[in-house]
Number of protein chains: 6
Amino acid sequence: MPRTNVNRPDEPAYAGLATFAKLPLVLDAEGLRGADVAIVGAPTDELVSYRPGARFGPRAIRASDPIAWSPPSMPNMDVGVDPFEVLTVLDHGDVPPTPGYPHVTHDAIRRTVAGICAAGAVPIVLGGDHSIAHPDVGAVADHVAPAPVGLIHFDAHADDAYEEPRLSHGTPLRLLVEEGAVRGEHVVQIGLRGYWPPPSDFAWARAQGFRWHLMDEIHERGLGPVLDDALAGIAEVPHVFLSVDVDVCDPAFAPGTGTPEPGGLTARELLRAVRRIATEVPLAGMEVVEVSPPYDHADVTALLAHRLVLEALSGMALRRLGREPQPERSG
Amino acid sequence: MPRTNVNRPDEPAYAGLATFAKLPLVLDAEGLRGADVAIVGAPTDELVSYRPGARFGPRAIRASDPIAWSPPSMPNMDVGVDPFEVLTVLDHGDVPPTPGYPHVTHDAIRRTVAGICAAGAVPIVLGGDHSIAHPDVGAVADHVAPAPVGLIHFDAHADDAYEEPRLSHGTPLRLLVEEGAVRGEHVVQIGLRGYWPPPSDFAWARAQGFRWHLMDEIHERGLGPVLDDALAGIAEVPHVFLSVDVDVCDPAFAPGTGTPEPGGLTARELLRAVRRIATEVPLAGMEVVEVSPPYDHADVTALLAHRLVLEALSGMALRRLGREPQPERSG
Amino acid sequence: MPRTNVNRPDEPAYAGLATFAKLPLVLDAEGLRGADVAIVGAPTDELVSYRPGARFGPRAIRASDPIAWSPPSMPNMDVGVDPFEVLTVLDHGDVPPTPGYPHVTHDAIRRTVAGICAAGAVPIVLGGDHSIAHPDVGAVADHVAPAPVGLIHFDAHADDAYEEPRLSHGTPLRLLVEEGAVRGEHVVQIGLRGYWPPPSDFAWARAQGFRWHLMDEIHERGLGPVLDDALAGIAEVPHVFLSVDVDVCDPAFAPGTGTPEPGGLTARELLRAVRRIATEVPLAGMEVVEVSPPYDHADVTALLAHRLVLEALSGMALRRLGREPQPERSG
Amino acid sequence: MPRTNVNRPDEPAYAGLATFAKLPLVLDAEGLRGADVAIVGAPTDELVSYRPGARFGPRAIRASDPIAWSPPSMPNMDVGVDPFEVLTVLDHGDVPPTPGYPHVTHDAIRRTVAGICAAGAVPIVLGGDHSIAHPDVGAVADHVAPAPVGLIHFDAHADDAYEEPRLSHGTPLRLLVEEGAVRGEHVVQIGLRGYWPPPSDFAWARAQGFRWHLMDEIHERGLGPVLDDALAGIAEVPHVFLSVDVDVCDPAFAPGTGTPEPGGLTARELLRAVRRIATEVPLAGMEVVEVSPPYDHADVTALLAHRLVLEALSGMALRRLGREPQPERSG
Amino acid sequence: MPRTNVNRPDEPAYAGLATFAKLPLVLDAEGLRGADVAIVGAPTDELVSYRPGARFGPRAIRASDPIAWSPPSMPNMDVGVDPFEVLTVLDHGDVPPTPGYPHVTHDAIRRTVAGICAAGAVPIVLGGDHSIAHPDVGAVADHVAPAPVGLIHFDAHADDAYEEPRLSHGTPLRLLVEEGAVRGEHVVQIGLRGYWPPPSDFAWARAQGFRWHLMDEIHERGLGPVLDDALAGIAEVPHVFLSVDVDVCDPAFAPGTGTPEPGGLTARELLRAVRRIATEVPLAGMEVVEVSPPYDHADVTALLAHRLVLEALSGMALRRLGREPQPERSG
Amino acid sequence: MPRTNVNRPDEPAYAGLATFAKLPLVLDAEGLRGADVAIVGAPTDELVSYRPGARFGPRAIRASDPIAWSPPSMPNMDVGVDPFEVLTVLDHGDVPPTPGYPHVTHDAIRRTVAGICAAGAVPIVLGGDHSIAHPDVGAVADHVAPAPVGLIHFDAHADDAYEEPRLSHGTPLRLLVEEGAVRGEHVVQIGLRGYWPPPSDFAWARAQGFRWHLMDEIHERGLGPVLDDALAGIAEVPHVFLSVDVDVCDPAFAPGTGTPEPGGLTARELLRAVRRIATEVPLAGMEVVEVSPPYDHADVTALLAHRLVLEALSGMALRRLGREPQPERSG
């Protein structure tokens with residue numbers, strides 16, 4: 001398959017249509033057969049509790065990339081692997097949302113992600129608000145069932161316990177657990193901080209076996225050791241979904257998001273964590289959510305999300321190759 | 001041909017790839033055969049004298065549209081015609097620019113526009129800075145030669161007289177006239193104001209037979225009567241190119257541009273003027289230039305450019321139908 | 001009642017809590033008894049088709065006012081009336097929305113507006129997106145029934161004809177007419193332009209007896225004569241609701257909105273039209289909708305909305321006094 | 001005197017230090033001898049009632065100009081005169097303000113403007129907030145005394161009646177009149193609108209003989225006829241100061257200001273009015289105030305202020321030449 | 001006392017008036033009796049040396065909070081304490097400033113803070129520029145006299161040594177020390193860096209017994225050990241005032257401030273330091289100053305200030321309870 | 001020489017013309033004789049591959065400084081040295097660029113920097129895009145020849161290997177090496193990360209003897225140890241050029257740049273590294289490039305660039321004095 005199909009060869013980054021990394025666009029799920037990864041947007045934000053705008057996330061993430069991607073090989077220099085050489089990655093466009101009807105949109109997301117899985121590809125979903133975890137993790141869980149799916153969840157917010165009448169949407173993890181899609185002991189949350197949610201939600205999560213790591217712990221111990229623990233807990237799970245809410249980063253690094261919480265991760269920490277996870281863990285799916293372009297500046301949040309996907313792809317490629325990182329070193 | 005080919009049906013405006021009005025993308029010039037109009041971006045800005053950024057213009061113009069375009073027919077309600085029903089309009093993507101090498105980019109623009117013409121379609125070029133007038137008007141002039149091409153030029157600046165060593169790029173009109181592509185008496189400029197260019201340039205233009213209408217005249221007489229005069233002067237020209245520099249509008253309406261000049265047209269005036277011209281005059285080509293997204297706010301300039309193209313298409317459709325406007329009227 | 005109750009006397013505009021014009025805050029509907037007008041926010045935006053953000057509209061509109069309002073009397077200098085001297089106006093806070101559940105929010109809007117009406121006050125609703133017209137016009141219609149309510153609707157978009165499954169929210173006018181709350185012949189729409197909605201919607205509206213005035217007509221004839229016609233058609237209706245979508249203005253004047261459409265009214269035109277309507281017509285309710293602060297700049301859209309309410313209040317005060325405007329004139 | 005002294009010849013607008021129009025910088029008042037006009041900044045904003053930021057106005061106005069000014073002659077094309085050929089105009093830098101001590105700053109402004117007058121030049125002051133009218137108009141009045149100075153004042157706000165303890169600064173006109181620097185019957189205010197100041201202030205102004213023209217009158221009659229009246233009233237005054245508060249324009253044209261008021265003049269109207277005044281009236285001084293760059297976008301307000309100065313200079317040049325405008329006309 | 005009195009129950013964060021954390025508003029000082037903490041805004045910025053705008057700080061800080069605060073208990077998850085359960089915290093509105101008269105405003109600040117102290121509550125003051133330290137620390141010092149008050153001061157700038165005629169305002173610490181309100185040996189400054197003030201000011205401070213810790217030391221040693229030293233020096237002081245100038249953070253974390261200085265603390269560091277101080281030290285007052293919303297982006301600076309107050313409250317609550325932090329831990 | 005010559009004494013930072021740190025402006029190269037350092041802008045951006053705007057960099061960097069610089073001595077408090085007391089530093093204005101003709105501009109840069117060197121001063125060049133390294137490093141290399149010049153290069157991108165037809169401009173290092181101006185083994189690059197350039201470029205660099213340090217290594221080892229290694233490799237080189245591309249910092253710290261890459265240095269790290277280098281290494285020249293103001297926010301990137309120059313000057317001053325840093329310490 002050619003490197004691109006809706007862009008002209010050698011176009012600089014600012015020219016032509018913005019597919020993800022100028023990858024080929026394949027809207028038909030059948031066309032994904034043989035692909036390793038399919039990237040799809042889920043442009044929806046009707047279920048946020050504070051600042052909307054994430055519906056413009058997928059388009060902004062794709063358009064934020066300054067790289068032309070024209071040379072035959074452009075490895076991630078930290079690891080010496082060009083993910084697009086190792087993996088066949090396609091852009092599957094956006095799930096068509098129905099504005100104002102998030103439940104309808106969620107059904108479409110679930111169907112679309114299920115289609116990606118059925119085609120044998122790993123879905124990487126560009127949000128959209130975090131409610132999409134319900135349909136997208138759910139679809140992946142369905143696909144790998146009866147094998148369990150683990151969930152590594154980077155977020156400032158535990159994100160799991162709205163009250164009525166909000167049961168159905170602000171509660172992706174709760175819903176996933178209640179529906180049996182994910183088992184509580186296979187969930188680990190990283191980066192939580194602040195004042196939300198209330199203890200009753202933590203109590204529920206604790207009862208389900210969730211594990212989590214507060215930002216405070218990361219600040220004390222460093223993200224590396226915390227990640228050791230986090231990954232140890234799901235070492236035996238055969239399929240893992242990686243959910244990254246960009247608000248896990250400090251607003252300095254991710255201002256363009258819906259519910260910012262100061263005191264978060266740096267981009268440097270998160271990028272490496274995502275790559276490490278993708279290298280060490282069998283990813284069955286990924287989402288990067290809560291990029292809200294109306295609140296972004298100079299595309300810094302959108303570009304961070306873009307790079308998080310690239311780091312995940314680099315890790316997946318390394319894992320596929322089964323080799324150690326080979327950084328680009330001088331003599 | 002389907003209404004779209006790289007978007008999913010019924011996608012809202014914010015979802016999916018942003019072709020112009022979600023039109024089908026056809027990168028291959030051969031695929032344009034049978035089309036009436038091809039829209040193409042020319043993302044280049046190396047030749048500006050002040051604020052760059054217009055290289056991001058084509059992408060921003062396409063992405064600014066709030067309309068889903070999904071119903072079978074969506075007429076311009078002022079005239080009662082859906083231009084996409086009357087005309088076959090395709091998105092031809094962007095001319096692939098070579099950053100830092102505007103001459104190379106200009107050659108590519110000329111080839112691409114020539115290809116559109118050769119396929120029988122009218123090119124509408126989304127700039128990019130105004131230097132692209134040289135290759136795009138030039139290509140159209142070549143195509144219609146030996147018949148002459150008229151040039152209606154909306155701009156705050158006469159834009160025709162850089163000195164050496166800038167002869168080759170800041171002087172699209174001068175170059176076009178000197179090369180014989182356009183004859184001076186077929187040029188009319190509308191909206192000029194301010195302090196630039198100096199009188200020597202106007203003297204040159206006068207000697208060539210250029211006609212122009214200062215903003216001051218428009219303020220006194222109104223744009224309608226001025227347009228009457230402007231069009232009268234090219235009534236016999238069989239092919240006309242319409243060049244719209246968005247800086248002809250006041251910065252209130254078009255802040256996102258490279259060389260703003262206060263005191264310009266309103267959007268209301270310019271939109272109607274463009275539609276009228278496209279209705280009354282045989283358009284052989286069009287460009288909308290100098291949209292500079294880094295200086296835009298809330299997409300107002302990009303969207304204005306988008307609507308200018310739609311108004312031109314509406315006018316072309318009316319002209320094709322040969323009928324009077326039929327506004328959507330209540331009882 | 002004191003001029004204020006949650007602000008300190010003589011606070012400048014930037015100090016203290018931002019009630020509307022530093023009016024007293026009265027959250028309890030009973031406390032509205034005796035008031036002439038109650039201003040209430042409806043912070044919701046889940047039902048927009050393009051850019052969200054209007055949920056931040058009410059707060060932004062209130063905070064945009066540069067005036068301290070401390071002197072005993074501050075008349076509108078065009079008419080010589082201080083609306084707050086003539087009318088008792090209170091700030092009723094915001095309808096508490098339920099994020100993600102616009103239907104629930106709409107029920108709350110309807111109850112709240114009904115409460116205002118029941119207390120004998122005229123509701124002025126600060127949106128929020130335009131979907132709130134269904135509950136707020138509906139509540140006013142219920143209140144005045146069996147007398148009919150007329151609807152004067154400033155908007156770039158006719159805004160009345162989504163297809164399934166969107167029947168319930170993008171169709172405030174359709175719903176209001178179908179439910180019998182408003183009769184089609186009592187509806188007049190002003191400022192429509194562009195490409196939306198499609199003709200089938202206009203056909204439906206025509207069948208109901210709607211009248212409308214395209215922006216094109218206003219550009220040709222001027223807003224004054226058009227308004228003569230618009231008001232003539234509802235001269236006999238005993239109660240009128242005034243719905244102002246700020247996108248009726250050109251994006252230069254109202255960039256902070258969800259679905260901008262270039263070529264609209266100026267602020268100068270709209271402010272005077274609103275005052276005139278409130279002077280000549282018996283207003284039973286008003287809404288100013290679609291202010292989207294994330295897309296605003298320097299509060300220009302929010303402040304325009306604020307002034308539209310003040311002009312309406314000025315007109316209502318003039319009408320109450322039954323006297324001609326007495327502009328502040330020099331000798 | 002050379003065209004510039006702190007810039008390199010042929011620098012484009014974005015290079016080098018930003019003096020006004022790349023004019024020579026002359027900090028020493030003695031160096032102004034022989035000049036016709038001296039432009040000086042008054043960067044102060046401690047006395048505003050709402051949004052500060054105007055202290056950055058002078059720098060932003062100077063830096064907003066997209067023109068290189070390198071050719072030997074660059075006439076205003078509306079009138080056919082290059083003001084810099086006719087008049088010797090110098091940039092006198094900024095009055096050094098004392099942050100937090102506006103009275104000290106005002107003293108410095110008065111001394112500086114007096115120095116300009118003493119050198120025989122007409123001062124054009126770039127604000128800064130409007131309080132600077134007290135020292136700058138005062139200095140001009142002192143200079144021309146015992147001849148009177150007229151005051152043409154464009155503003156949304158009458159700007160003349162703070163109560164205690166604010167007598168000394170928000171009341172430039174009141175202070176000027178009370179001190180005898182300006183006589184009330186020589187003041188005319190244009191563009192007033194909205195809700196401020198209260199009637200007591202208008203009563204005071206009326207008693208002094210002030211004349212004013214509300215925006216409402218301008219909307220009805222047009223600015224031309226209003227200006228006829230305004231100028232008629234000071235036809236006999238031998239020296240006139242022109243004070244332009246950019247908030248007289250609608251916020252669409254001048255968002256970057258401290259106390260915006262929707263419904264104002266267009267840039268097109270104001271630019272022509274300023275040029276006409278400078279042509280028809282003997283200007284003894286001018287100020288352009290209330291440009292607040294933190295609230296500006298894409299420099300549109302700063303550039304408008306810049307062009308207002310250029311139009312005034314063009315008018316002054318025409319008046320000096322004693323000839324009719326000779327617009328740059330095509331054949 | 002109810003959780004709120006000017007908001008409706010269960011309002012999301014974006015609805016209703018923005019008191020701090022939707023706390024009850026109590027404007028009358030008598031009403032503060034029994035409260036532990038009163039939060040008050042001091043919206044003033046006339047005394048800044050560079051970028052103004054901090055007058056809009058209090059409103060922006062209050063409005064920046066994304067949390068609805070509706071559940072009965074919402075503990076800080078790092079420590080397991082909901083400060084609003086342990087402490088009675090009220091919003092005391094804003095000190096009414098007198099624009100242009102900072103001395104008058106300062107008197108009002110001093111009176112208001114004195115009133116809070118007299119009512120038995122700890123004042124937390126939202127700035128406003130840093131000059132407010134003079135009246136607010138002064139009022140607290142008066143209240144605890146003859147016991148001394150210590151001062152922990154986070155800032156990029158030592159902030160204590162303007163020359164004449166600026167003695168009275170840019171010198172809060174100098175004035176406080178000279179007036180005897182604070183003793184030099186009870187002052188510790190943290191985060192100083194850059195080029196200001198000059199050595200003479202440091203010499204003066206050294207002579208008074210000030211201690212300080214440059215950012216360079218923090219970069220080398222870490223903030224924890226530095227804080228150990230800083231706190232050791234005031235271990236015996238019975239009352240401590242915590243002054244936080246947000247410019248102590250790097251501009252990445254706090255762009256919306258008046259005199260940014262690159263190279264500062266991260267939000268992560270500062271949030272924890274503030275909580276620790278409030279836990280370990282007897283806070284008698286606090287201020288968060290120099291939030292300048294016109295220069296902020298996506299509210300990141302305002303929200304940081306908001307969270308700094310919450311962390312202080314959390315620490316105070318922990319100290320009140322006399323117990324160790326109990327982080328929300330998974331199983 | 002006076003501290004300033006185009007500013008008035010005691011001007012605050014926001015007043016007057018913005019030379020660098022209000023240093024004297026000396027446009028004539030002869031006037032630089034006796035100076036230790038000359039700061040010059042190179043406002044050009046035609047050769048960027050993604051976001052332009054760096055042509056506005058020099059002006060923005062100069063204007064970003066909040067400090068008045070009026071006291072006689074304002075040392076860097078980390079080291080106890082006022083660089084302007086130790087070194088004679090002048091502002092040499094901007095190289096006059098020729099818009100659209102970067103080769104012409106590069107020639108002018110080379111001539112201007114050569115002139116600075118010839119006058120005996122060290123050039124510090126404010127970019128402008130990174131292509132200026134070719135002429136400015138080249139001029140310095142010519143000046144010190146036949147002695148070699150080392151190159152310390154902070155950047156996210158290795159920046160050295162465009163293909164044809166881009167050989168001449170995107171390849172400053174390649175050109176410098178190929179021309180013999182710099183020897184590969186004297187080049188060390190710090191902060192590289194991401195996906196660009198491709199391995200062939202690294203292979204070329206490796207073959208030349210370049211050394212580099214990926215951001216990944218810095219994240220693991222810390223910048224101090226990495227810098228030890230970097231400096232060790234050029235310990236014997238008698239002249240060193242320091243090239244700082246601000247995109248070496250994370251976009252949180254430097255959003256206003258052309259090709260951002262998340263995951264970079266903090267400002268804290270980079271400021272100290274630059275000072276250390278200037279202290280330990282014999283700097284023969286420096287450039288700070290790729291500040292793109294249209295993408296900056298609240299001047300944070302421009303100010304960072306400004307402070308990087310100041311830290312370099314502080315280091316150079318320390319080195320000149322030959323003494324240890326003497327931080328401003330409390331008692």
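The following conversation concerns the chain contacts and one sheet of a predicted model.

Reader: Let us begin with chains A and B. How many residues of each are in contact?
Author: The contact involves 23 residues of chain A and 23 residues of chain B. On the side of chain A that touches chain B, α1 (57-63) and β2 (89-94) of chain A each contribute at least two residues.

Reader: And how do the residues on that side of chain A divide into nonpolar, polar and charged?
Author: On the side of chain A that touches chain B, 14 are nonpolar, three are polar and six are charged.

Reader: Which rotation superposes chain A on chain B?
Author: Chain A is superposed on chain B by a rotation of 180°, with 0.0 Å of shift along the axis and an RMSD of 0.0 Å. This is the relation of a two-fold axis. The C-alpha of chain A nearest that axis belongs to A:Leu17, at 3.4 Å from it.

Reader: Why may one say that these two copies meet through the same surface?
Author: Because 100% of the interface residues of chain A are also interface residues in chain B.

Reader: Turning to chains F and A, which rotation applies there?
Author: A rotation of 120° places chain F on chain A, with 0.0 Å of shift along its axis and an RMSD of 0.0 Å. That is the relation of a three-fold axis. In chain F, F:Ala252 has the C-alpha nearest the axis, 3.1 Å from it.

Reader: Do clarify: do the copies use the same or different surfaces here?
Author: They use different surfaces, as 7% of the contact residues of chain F recur in chain A.

Reader: What does each chain supply to that contact?
Author: Chain F gives 29 residues and chain A gives 29 residues. On the side of chain F that touches chain A, α6 (199-208), β6 (211-214) and α7 (215-221) of chain F each supply at least two residues. The residues of that side comprise 16 nonpolar, eight polar and five charged.

Reader: A change of topic: in what order do the strands of the open sheet in chain B run?
Author: The sheet has eight strands in the order β2-β1-β3-β8-β7-β4-β5-β6 (chain B), and the pairing is parallel. On average, neighbouring strands of this sheet are turned by 15° against each other, direction ignored.

Reader: Which strands of chain B are at the edges?
Author: The edge strands are β2 (89-94) and β6 (211-214) of chain B, each of which pairs on one side only.

Reader: How many bridges join β5 to β6(B)?
Author: Four bridges connect β5 (residues 187-192) of chain B with β6(B), and the two run parallel. B:Val188 has B:Arg211 as its bridge partner in β6(B).

Methods
Residues numbered from 1 in each chain as written. Chains lettered and ligands numbered in written order. Predicted model: local features only at pLDDT ≥ 70, side-chain atom pairs only at ≥ 80, totals over all residues. Nonpolar A, V, L, I, M, F, W, Y, C, P; charged D, E, K, R; others polar. Least-squares fit on C-alpha atoms with pLDDT ≥ 70 in both. Pairing = 2+ DSSP bridges. Axes fitted to C-alpha atoms, helices over the stretch in contact; angles between N-to-C directions.
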